[in-house]
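Here are some short exercises to work through with the model open beside you. Try each task before you read its solution.

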Amino acid sequence: MKKHNFSAGPSILAPEVFEKASAALLDFEGTGLSVVEISHRSPEFVNIIERARALALEIAGLDDSYTALYLQGGASMQFLMVPYNLLERKAAYIDTGTWANKAQKEAALFGEAEVIASTKAEGYKHIPKNVNVPTDVDYLHITTNNTIYGTEYHALPECKVPLVADMSSDIFSRPLDYTQFSLIYAGSQKNLGASGSTLVIVKKDILGKVSRKLPSMMDYQLHIKSDSMYNTPSTFAVYVNYLVLEWLKAQGGLEAIGKRNAKKAALLYSEIDRNPLTVGYADRADRSLMNVTFNLTDEHTKDLFDSLWKEAGISGIKGHRSVGGYRASIYNAMPIESVQLLVEVLKEFERRA
Ligand SMILES: *Cc1c(COP(=O)(O)O)cnc(C)c1O
């Protein structure tokens with residue numbers, strides 16, 4: 001039986017995407033070859049990666065002053081690739097969780113990476129407000145959605161320097177003015193597809209300003225010049241990414257998916273708030289629409305709750321090992337029916353406890 005997958009990543013994708021990706025493993029678009037054996041330089045694959053790159057910009061509403069790349073090494077590689085390419089004097093970082101913290105630590109290996117705000121002392125339960133962003137920095141780095149704690153920026157910090165964002169867990173989940181960003185990156189395995197590719201969208205004019213020498217694989221400009229084919233991309237991961245972007249466009253793009261995501265999140269949060277046995281982790285104002293984190297009010301009820309969601313065919317709602325509790329990830333591909341099922345399980349849990 002297919003599970004209701006609430007995992008934080010790798011995570012659920014639309015059934016159509018799974019079907020098309022499975023078919024392409026045997027026969028990629030009628031070529032008689034598998035997507036994992038076809039040459040990445042073949043016209044069929046080049047067409048896919050070009051369409052995926054164009055779709056990413058189209059969905060984000062960005063013009064050709066930006067470009068989209070498919071790189072490898074996950075979002076974690078971008079933690080160092082960003083400062084490699086952009087950090088000359090000093091960069092500013094806002095620390096809103098484990099991933100934001102890791103990004104800052106990597107940047108500090110390359111230069112001055114100042115933490116200008118942090119909510120670590122409050123268990124990363126909220127997003128810092130009214131942050132004063134210095135004007136003498138090369139960029140400000142934020143993490144738009146904090147996957148582990150379940151917080152998300154609902155208003156971006158005011159900032160006059162290039163804004164760089166790790167959007168791994170909320171990219172393309174809501175309407176957003178993407179022109180506010182100079183660079184965004186996202187590992188694929190949350191809202192974009194299979195693990196093994198990282199989408200980087202960069203405003204071209206911010207590049208080429210650092211004095212350090214860049215190793216080839218670290219150089220955004222070289223990847224741009226090579227049409228995101230400097231070396232062999234993960235053909236399968238890029239293909240799945242392409243399918244997800246086509247699916248997203250067919251759903252009605254960011255406007256439509258944003259409405260659906262808001263509805264799903266409201267449904268689940270209202271049950272968590274209503275149910276006397278559960279309590280939300282993140283501050284209400286900063287709650288993530290993608291990762292819903294909560295705890296039980298009475299730890300003695302844990303075995304009952306765990307048995308109920310398992311029986312219902314739910315998978316992947318255990319909280320991250322660093323916060324405990326529960327985390328239901330309800331990314332773009334999560335149908336509202338699965339969220340309704342989880343709400344039913346929570347109600348049944350209350351009746352039985
Ligand atoms: C999952 C995640 C990462 C790590 O991504 P990898 O692709 O595994 O390197 C980084 N940042 C955020 C916000 C994440 O959710």
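**Exercise 1. Charges over rings**

Task: Find the ring whose face Lys125 lies over, and do likewise for Lys310.

Solution: Begin with Lys125, which sits over the face of Tyr281, 4.8 Å from the ring centre. Now go to Lys310, which lies over the face of Trp309 at 5.4 Å from the ring centre. For a charge to count as sitting over a ring, the Lys NZ must be within 6 Å of the ring centre and within 35 degrees of the ring normal. Keep in mind that this is a predicted model.

**Exercise 2. The seven-stranded sheet**

Task: Work out the strand order of the open sheet of 7 strands and say which strands stand at its edges.

Solution: Step one is the order, which reads β2-β10-β9-β8-β5-β3-β4, with mixed pairing. Step two is the edges: β2 (66-71) and β4 (112-118) each have a single partner strand, so one side of each is left without a neighbour in the sheet. Step three is the twist: on average, neighbouring strands here are turned by 20 degrees against each other, direction ignored.

For a closer look at one pairing, take β5 (residues 140-143) and β8 (residues 163-166), which run in the parallel sense over 4 bridges. Leu140 has Leu163 of β8 as its bridge partner.

Finally, add a helix. α4 (residues 98-107) lies across β3 (90-95), β4, β5, β8 and β9 (183-187), and runs at about 160 degrees to β3.

**Exercise 3. The three-stranded sheet**

Task: Describe the pairing in the open sheet of 3 strands, then name the helices that pack on the sheet.

Solution: The order is β11-β12-β14, and the pairing is antiparallel. The edge strands, β11 (278-280) and β14, each pair on one side only. Neighbouring strands of this sheet are turned by 35 degrees against each other on average, direction ignored.

Next, look between β12 and β14: they pair in the antiparallel sense over 4 bridges, and Val292 has Ala328 in β14 as its bridge partner.

Two helices complete the picture. Helix α7 (residues 253-274) packs on the sheet, touching β11, β12 and β14, and its direction makes about 15 degrees with that of β12. Helix α8 packs on the sheet too, touching β12 and β14, at about 20 degrees to the direction of β14.

**Exercise 4. Aromatic pairs**

Task: Classify the ring pairs Phe79–Trp99 and Phe294–Phe305 as stacked, tilted or edge-to-face, and say how buried each ring residue is.

Solution: The model has 14 aromatic pairs in total. In the pair of Phe79 and Trp99, the centres are 6.5 Å apart with 45 degrees between the planes, which makes it tilted. Phe79 belongs to helix α3 (residues 74-86) and Trp99 to helix α4, 20 residues apart, so this pair links distant parts of the chain. With 4% relative accessibility, Phe79 counts as buried, whereas Trp99 at 28% is partly exposed.

Turn to Phe294 and Phe305: their ring centres are 6.2 Å apart and the planes stand at 65 degrees, so the pair is edge-to-face. Phe294 lies in strand β12 (residues 291-296) and Phe305 in helix α8 (residues 302-311), so the pair ties together parts 11 residues apart in sequence. Phe294 is buried at 0% relative accessibility, and Phe305 is buried at 0% as well. To round this off, ring pairs link Phe294, Phe305, Tyr326 and Phe349 into a cluster.

**Exercise 5. The nonpolar cores**

Task: Name the residues that touch the most other members of the largest nonpolar core, and follow the contacts of Tyr178.

Solution: This core has 83 residues, and those touching the most other members are Phe172, Tyr178, Ile201, Leu268 and Phe305. Leaving out residues up to four places away in sequence, Tyr178 touches Ala60, Leu62, Tyr66, Met167, Ile171, Phe172, Ile184 and Leu254. Apart from this core lies another, of 26 residues, including Leu71, Phe79, Met81 and Leu87.

**Exercise 6. Backbone details**

Task: Locate the cis peptide bond and two non-glycine residues with positive phi.

Solution: The cis bond joins Gly9 and Pro10, with omega about -5 degrees, and Pro10 lies in the loop between β1 (4-5) and α1 (15-26). Glu29 has a positive phi of about 45 degrees and is found in the loop between α1 and α2 (43-60). Asp227 has a positive phi of about 55 degrees and lies in the loop between α5 (220-225) and α6 (235-250).

Conventions
Residues are numbered from 1 along each chain as its sequence is written. This is a predicted model: local features need pLDDT of at least 70, side-chain atom pairs count only at pLDDT 80 or more; totals for chains, interfaces and linings use all residues. Side-chain values use heavy atoms; hydrogens and water are left out. A nonpolar core is a set of buried Ala, Val, Leu, Ile, Met, Phe, Trp, Tyr and Cys residues joined through side-chain atoms within 4.5 Å. Buried means under 20% relative accessible area, exposed over 50%, partly exposed in between (1.4 Å probe, protein chains only). Contact means heavy atoms within 4.5 Å. Two strands pair if DSSP finds at least two bridges between them. Axes are lines fitted to C-alpha atoms, for helices over the stretch in contact, and angles run from 0 to 180 degrees between N-to-C directions. Rings of Phe, Tyr and Trp (its six-membered ring) pair if their centres lie within 6.5 Å; planes under 30 degrees apart count as stacked, over 60 as edge-to-face and the rest as tilted.
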